[in-house]
Amino acid sequence: MALLLAGISVLAALLSSVASLAAGPNGLAWHGMLWWMQKTPFRPVQRGERLTPGRFSRLARTTPFLLLGVSGGFAVTAGMIALLGGGTRTATLPFGLPWLNWHLALDPLAGFFFCILGIPLIAASLFGPGYVREFEHGKHTLSVLGLFTGLFVAGMELVLLADDAFLFMIAWELMSVASYFLVAYQHEHATNRRAAFLYLLMAEIGAIAIILAFGVLAGFAGGLTFEALRSVALTPLWASIAFVLALAGFGMKAGLVPLHAWLPEAHPAAPSHISALMSGVMLKIAVYGFIRFAFDLLPSLFWQWGVLVLLIGSASAVLGILYALQQQNLKRLLAYSSVENIGIIFTALGLSLIFQSSGNSQLGTLGLVAALLHSLNHALFKSLLFLGAGAILHQTHEHSLENMGGLIHRMPKLAALFLIGTLSIAALPPFNGFVSEWLIFQTALQAGGIQSGILRSLIPTASAVLALTSALAATCFVKVYGVAFLGLPRSRHIARAREVRHPGMLAGPSLLAAFCVLFGVLPTPLINALGSLTQPLTGFVLPNISALGWLWLTPVSPEVAAYSPALVLLGTVAVGWLCYYLLYRRTGLEPRRAEPWDCGFGGLTARTQYTSGAFSMPIRRIFEPVFDTCETVEEQTEGPANTRVTGLRYHFQVLDRAWLVLYEPSGRAVTRLARRVGRLQAGNIRTYLGYSFFTLIVLLWVVS
Amino acid sequence: MAWLMAILQTLLFIGLAPLLSGWIKRVKCRLQNRKAPSLFQPYRDLRKLYRKQPIVPQPASWIFRAAPYIVFASTVLAAATVPLVAIHLPTARIADVIVLVGFFALGRMFLVLAGMDIGTAFGGMGSSREMTISSLAEPAMLMAVFTLAMSAHTTNLSQAVNFVLDSGLVLRPSFVFALGGLILVAIAETGRIPVDNPATHLELTMIHEAMILEYSGRWLALIEWASQIKLMLYGVLIANIFFPWGIAQTFSLNALALGLGMIALKLAVLAVMLALSEVLFAKMRIFRVQEYLSFAYLLSVLGMLSHIILEAAR
Amino acid sequence: MGFAGLSLYSQAVLLLAGLIALTSFLMLGQSRLVRLVLVFAIQGILLAATTAVVAGVLDFPHLYISAGLSFLLKGILIPIMLHRMIYRLGLHRELDTIEHPARVMMGGAFLVVFSYYVSLPVVAHSPLVTLNAVAVSLAVVLLGMLLMITRRQAVAHVVGFMSIENGLFFAAVVSTYGMPMVVELGIAADVLVAAVVFGVFFFQIRESIDSLDVDRLSKLSEADKP
Amino acid sequence: MIAAYLVLLIPLVGMVILGLVADSRRAGHINVRCNAWALAASIWLAIDVLVYGPRLSSGQLLYIDSFNVYLVALTAFVGLTTSIFSGPYMAHELETGRVNARRLRLYYVMYQGFMLAMYLVLTTNNMGVLWVAMEGATLATVLLVSLYRTPESVEAAWKYFILCGVGIALALFGTVLLYFAAEQKLGIGGNALLWTVLHEHAGLLEPTIMRLAFVFLLVGYGTKIGLVPLHNWLPDAHSEGPTPMSAILSGLLLNDALYAVVRCKMLVDGSLGTQMAGYLMMGFGLLSFLVAALFLHRQTDIKRLFSYSSIEHMGLMTFAFGIGSPWATFAALFHMTTHSLTKSAIFVTVGHAAQLAGTQRMDRIRGLILTQPAIGWGLLIGTVAIAGFPPFGVFASEFLVLIATMRDYPWLTPLLLIGIGVAFAGLFRHLQLMVYGDVPEGQKAIPANLLPVMIHLALVLWLGLSIPGFLGNWFSQATQLISGASPL
């Protein structure tokens, strides 16, 4: 049943791609309609009106997104059924290799990730039709966009459904390739091309790493289905090789430091609703792959792995947010913050691995739950923020924070939604981001129960890094909101921005915002539902999550820690309203509008405000060693001998260290090697004859 | 009953906060050989502000108007979760110490947003500095708290206090470190000398004041009050976590009276110490604050590690 | 038993083998194209003679055919064609100098030793003494390649190629008394066509780089120019 | 068995007819028709084999088993589609005056001649005839390489001819040794060169001789496969000849040379009982794979680029055959099919792209997608397919190769990983610039027949999604035959 629904959602996604292929301005259906209209001159008089080109193009624009929405809806329902129902449903399709058909399975883990996939998908499909309208008259046809969007979604859903390594890899690569085409969609910009190239290259290498990881298991198991792989017995060495390969492969997709550098290039390059899906959902698919491989397939876990994951995760978290703080392009900033959140998720996974392998399965379960919850939350608020950024982009065609400002007056509704996203991602109570980070902290605080002293000292340090990360995240998103939406507009077109007209472009974000609040306020039922998921993976369910009832969240036990977001919200509203009532209603003193006082300095202009670069300057100074900043100050001087300085222009650019230490050197190495090898093809035939001659001699000498 | 107690304690908290800052001012004046205002001066200030008509700067949006309420509310909620005179109150279950930090963060967030909302240079400056400082102070505070939580095996404040009470007088090195860290953080977070000076409007040095520069009337009153509560809150934290003796474990009348007396005493002593330090030290340059805070961070982490290494249960 | 004890047939075969090897060496050292072709023709005739001897003594009638074929092709037809070409392309006066002839000769000698060493295991498995000729044939093949490597003249390349063919053919004769007829014919046809195609190419190369110096055929190079 | 003879006869007749036809347009149609008939015959043959199993012709001259029958069908198919494409293409070349009518006639004759040689290579049972046919293929194509008579093309043709000639000669020496080894055991007579007989008695053959023989055969036929360092002729020949020729060279000739090597390997393995042949093939394969991958980065000519990618893929197949485990062998067989389908499709699009831009230099080809979406997307999708992305068939084989390598020779996998990565980067760094971006002025769409491309890519897609049953059976039977075990 659930599997059927999931299948339907995959089909719907594929259908949407087919539909958009057919319905493009030079697509089949379009020609078909024209042909049909001029073929039957009299009948479609009334139909003819109904199908004017304008209406047709609107139809062509909306149909694929409608189908995507359907797909999302089915995905969520299927996921819910699988998650709540528990158990695993399997099927096989007559595709693939002759001795290995496609095996499908839908278990609670996949179900949960189906939910993670479905909700942003619905939002994106609400948001899409309005957003893509601006592409309609561009030089790129919408049908390409729709085609690959559908394939992209179908690929992600198939990854979740796959139950054998072969299908898994097919779906995985389908996802990568389709998203590559989406990144390269606006390919007239060289930067987009470069980003797309880098993206696909990394995806390819990562995929090979994953294949090899599967290969290790398959080598011992002799089969490629997940059942066969599960039942394999590995020596610790081989298990570790497989694990490291998998970590590299999935981590590359998820954007773990130092393999992350492609991510901030690629995600902003795509159209915004795609960026939302990529950052919000695709990274979670990578997380799913990692969980599936490490917790489900691998026979046994070792604490060293946990330490490795913990270290990498913490590094990604803190570096990601530090780099995010220094970005001026809004979408790049969001992409870097995805790196941070993935880092947080992997930190939780690392904790879970450590506890799991040191025999403390209940805490391992807690860590896993925290990771899963944060995946869901990140999917929600990151998609929300990307859609918001997309809306701004759509209305103002502005990427850079430096030119924004005061948008809260121009687009109030969007501003409100964006604020919710900001509060959630800044991990403030009572929103959803806080719940998952709180759970992670709770997990880390149980480290006292571990025997090994190294771990007991390592884990708190990691949690310290996590604390730093969340504080910096708050700073980062205060900057985003304050600079983009508050204050005075910093450029003319921003000052003339208007609220989005298309209702869907607000409906999508509001859906996500609603979920952000919902899961923030009532996390307990959700976490309870995850029990059916953790049972097969770790053999545990969290016993007393809801020991004090559904209103309270008590991960370990009521004595250790309790948190009731609902009451927190209630209290805040109550107190706030009380003050409001007492202070305002009673003394009805109407506030008066006036020029800001500003210590008596008058004449405020937009240029006197703090810019985004200025806001993050102290952090830049404090964390100097992390960054690779190049700053330039231009003086505009005049007067005799240019002594009088009339203007200063300050540029700064923060380069990603990963480029300098990892990417560029390897690129150079390849070209150098290629030049060496090029000498083989010197062009002289006698040299060539010499090659074959000596090859022959050497071989003869070798064999005889 | 318990809920009633909780609400009463919260109201008490709110009510006493201005008194504490009045007391601090008084002690300070005495130390500087100045004529001190009355203990109740803060209440008068609040009333005066409350009567005045507030002014909204031109570019401000609803965030500017909503911020004071949210700040005040979050601070009050924070106060509600901290045991003042008694433990085992139900409110302690709503939010543990991590959530407490979250409350501070929430309030700060809106204050900072309000500071940027008016689009002045000072607002942005103050917001930037505030976030910078807090992004260093918050982890330090969390670490200090974690040290406590790990030895008490709980993040629930009243449970922790209970644990310290039960274990009697134990000289834990980790607690010493944590105490040091927490004090440093408290000074930074409440904007006292040497990090910030609440009594100045000198443009280039102010942090907290720069953000609330444009506030007036009842909003300013709320914000001031909130910051007074915050100050007292830190005091109570330090007092009741590290020196919890005397706090009421039952709701009997004399126990509560004793608790009230004790906490008043502790706070008074702390206030004197604070005043002393404010008189002795001078304000730091903004970029020296990071060293100060990283020292606090270091202290807390040391506390954590010493708990792990020195106090490992064998 | 010594060489003297061998049957006259074997001695003949081995003698011819020696001669063929000698011709290969001559070719290697020969710098005038005309003489090169001449030596090549002699080699072809020797090859035919060997085939005939084998055919006669061991009485394989079909070897007569192949003997005739090789005589016609390698001994007469191709040499004449090449000769004509050389004159029509006006190369008969041209000297195709070899750099370090001494080294080349040493290399050739080494190749002979090497091929003997390589073919030892082959020989070991059969009583036939004539098999030692396999070593010679291998040597001829390798010498042919060496010839092609050392010469810059396209014509010389063709000769070297053909002498490789000779080596193969010789190997086939002495080791396996010729290949099956189908194959023989096929090979002959191929050689013929190849010869013709070579002829075509001489002119194409000539008209493209107006010389037959293969070293100048190096437009399609990928090594970055210094 | 009539079908087999038909397959050989039709191109022969085709040669004669095309030799007589003067009008180039009609010649093109006839060429297509011949290939169509040949395809029909080969399908008949395939069904024949499908129904009755391996067939040996009377006189034992021809032998069809599941290993070569699908290659025959593939050859016929690619030959047909390429001829469909070559008609208008050569007409365009005639208009632009790069060729004249006489050469065009030569072209068509040689086309059929080449097809004949290919069929003979595949169907014959006699190692000697195999050699003859292989040499014939060289002779048939060498004049096509220099069809344009440009200095480059002549040079390329000359190198092609000399290098392949020498290489093939060495292969003949190997054949002689093979014959010698066989004769000692099976007695003097014609059928000592018959593959069936040899394979039957492989165990008896003298190992030492077989070892030498294999070295010569590998170097010989390896030259035609384009194994590094014997590959130097390949990029030149592929890039300088007319594009349809490049398509069939890449799509068919390389396959058939590899086929010959594998046949020999089966004999040698049977005789030696060691992995020697396998190791040699693995070594050569891996070397070619890596070196070609590096070469991709330095290309400026679009056809050279893809010919290097052919070398890379042949290297991968050789490597896989060398591993010799069932999965690897299956993968290699499968890869032969998908690679030749994809690569010929790519060459068709490349030809159109080059005509469209008026040059083969890649830095002059820009913005294909905007100029002519069909060509641009065709090239892009084709390259994605050849780079081994699913759901195209190439992925499945590369997947299996990786898994098999991980299983048998894990320490080689890093090399494969690097190789695939480098090769991918080498392909796409050039490709993206050509298909994407804005259109340079003066570049406009041309009449192009992309039917073959679509058919090929559709087939590759289909194979990638699911291998049809009969094909799967053939592959697994062939695997059984080659590696001695079935992948199932």
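This is a short tour of a predicted model, with a suggestion at each stop for what to select and a note on what you will find there.

**Stop 1: chain D as a whole**

Start by showing chain D alone as a cartoon. You should see 19 helices and 2 strands. The radius of gyration of chain D is 21 Å, close to the 23 Å that the globule rule gives for 488 residues, so chain D is as compact as a globular protein of that length. If you turn chain D along its principal axes, the C-alpha trace spans about 70 × 55 × 40 Å.

How much of chain D is buried? Of its 488 residues, 69% count as buried. Now think about which parts of the sequence meet: among contacts in chain D with a separation of 6 or more, 80% join residues 24 or more positions apart.

**Stop 2: where chain D touches chain C**

Bring chain C back into view. The contact between the two chains takes 38 residues from chain D and 36 residues from chain C. On chain D, select helix H5 (127-145), helix H6 (151-186) and helix H8 (207-225); each of these supplies at least two residues of the side that touches chain C. Which helix gives the most to that side? It is H6(D), with 18 residues. Colour the side of chain D that touches chain C by residue class and you will find 22 nonpolar, 8 polar and 8 charged residues.

**Stop 3: helix H1 of chain C**

Stay with chain C and select residues 8-29, which form helix H1. At 1.5 Å a residue, the 22 residues of this helix should span 32 Å, and its end C-alpha atoms are 31 Å apart, which agrees.

Next, show side chains for the buried residues of H1(C): C:Val13, C:Leu16, C:Ala17, C:Ile20, C:Ala21, C:Thr23, C:Ser24, C:Met27 and C:Leu28. Look down the helix axis: these buried residues fall within an arc of 150°, so they line one face of the helix. An α-helix has 3.6 residues a turn, so residues three or four places apart point the same way.

What do the buried residues of H1(C) pack against? Add helix H2 (33-58), helix H4 (101-124), helix H5 (132-150) and helix H6 (154-176) of chain C to the display, and you have their partners.

Before leaving, pick out C:Leu26, which also lies in helix H1 of chain C. Is C:Leu26 buried or partly exposed? C:Leu26 has 16 C-beta neighbours inside 10 Å, and because a residue needs 20 or more to be buried, C:Leu26 counts as partly exposed. Try a distance from C:Leu26 to C:Leu36: the two are 10 residues apart in sequence and 8.1 Å apart in space, C-alpha to C-alpha.

**Stop 4: helix H15 of chain D**

Go back to chain D and select residues 373-386, helix H15. This helix has 14 residues and reaches 19 Å from its first C-alpha to its last, close to the 20 Å expected at 1.5 Å a residue. H15(D) is mostly covered, with 11 of its 14 residues buried. Among the buried ones are D:Ile375, D:Leu379, D:Leu380 and D:Val384, and also the glycines D:Gly376, D:Gly378 and D:Gly382. Just past the helix, click on D:Gly388, whose phi is positive, near 85°.

**Stop 5: backbone details in the loops**

Most residues other than glycine have a negative phi, and most peptide bonds are trans. The next selections depart from that pattern.

- Select D:Val228 and D:Pro229: the peptide bond between them is cis, with omega near 5°. D:Pro229 is in the loop between H8 and helix H9 (233-240) of chain D.
- In chain B, the bond from B:Ile193 to B:Pro194 is cis, with omega near 10°. B:Pro194 is in the loop between helix H8 (173-189) and helix H9 (208-211) of chain B.
- Select B:His88, where phi is positive, near 60°. B:His88 is in the loop between helix H3 (62-81) and helix H4 (91-94) of chain B, and is partly exposed, with 17 other C-beta atoms within 10 Å.
- Finish at A:His397, with a positive phi of about 55°. A:His397 is in the loop between helix H15 (361-396) and helix H16 (407-410) of chain A, and is exposed, with 10 other C-beta atoms within 10 Å.

Note on methods. Residues numbered from 1 in each chain as written. Chains lettered and ligands numbered in written order. Helix = DSSP H or I, 4+ residues; strand = E, 2+ residues; numbered from the N terminus. Rg over C-alpha atoms; globule rule 2.2 N^0.38 Å. Buried ≥ 20, exposed ≤ 12 C-beta atoms within 10 Å, placed from the backbone. Contact = placed C-beta atoms within 7 Å. Nonpolar A, V, L, I, M, F, W, Y, C, P; charged D, E, K, R; others polar. Expected span 1.5 Å × (residues − 1). Arc of directions from axis to C-beta.
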